[in-house]
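Me: I've got a model open and want to talk through a couple of spots in it. Can you take a look with me?

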Amino acid sequence: MSVEFRIEGLHDLDKQFDRLIDTSKPKVMRKALNAGIAPIKKEAKRLAPVDKGVLKKQIRSKQMKYTKKPSVGLFVSAKGFYWYFLENGTSSIAPTPFIRPAADSKHEEGVGKFKEVLKAEIDKVMIG
């Protein structure tokens, strides 16, 4: 399952971002992406079915390394392998989605956090 958000209307920030030296860009983008995924991750943990906290602890975010553009993903680590069955259901289990609803309900807040942190980090690098 993949959810992708495209952020448009950041022309001024994009111009400032282009002025940053290349060594600063990954660090600035990483901070902004982590801030943007945080509300979605928090909501996914809140919505996860109660199972003594195992599943909730396994919901994590990670920088995607093998993509052309900087990106971050939400994933469930190995101990929470059964998340897929809960999210999508099986022939004997009704679906109890929690990741998709988290992304749907918190994507705007995530985009807002992304913009806020991106601007602050650009300003910090540019101003010093």
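Me: Where along the chain does Gly89 sit?
Reply: Quick note first: this is a predicted model, with local features needing pLDDT of at least 70, side-chain atom pairs counting only at pLDDT 80 or more, and totals for chains, interfaces and linings using all residues. Residues are numbered from 1 along each chain as its sequence is written, and side-chain values use heavy atoms, leaving out hydrogens and water. Helices (H or I, at least four residues) and strands (E, at least two) are DSSP runs, numbered from the N terminus. On that scheme, Gly89 falls in the loop between α4 (83-88) and α5 (99-127).

Me: Is Gly89 buried or exposed?
Reply: Buried means under 20% relative accessible area, exposed over 50%, and partly exposed in between (1.4 Å probe, protein chains only). Gly89 comes in at 17% relative accessibility, so Gly89 is buried.

Me: Which residues does Gly89 touch?
Reply: A contact means heavy atoms within 4.5 Å. Leaving out residues up to four places away in sequence, Gly89 touches Tyr84, Ala94 and Pro95.

Me: And Lys79, buried or exposed?
Reply: Lys79 is in the loop between β2 (72-76) and α4. Its relative accessible area is 62%, so Lys79 is exposed.

Me: What separates the C-alpha atoms of Lys79 and Leu55?
Reply: Lys79 touches Val54 and Gln58, not counting residues up to four places away in sequence. Lys79 and Leu55 are 24 residues apart along the chain, and their C-alpha atoms are separated by 7.5 Å.
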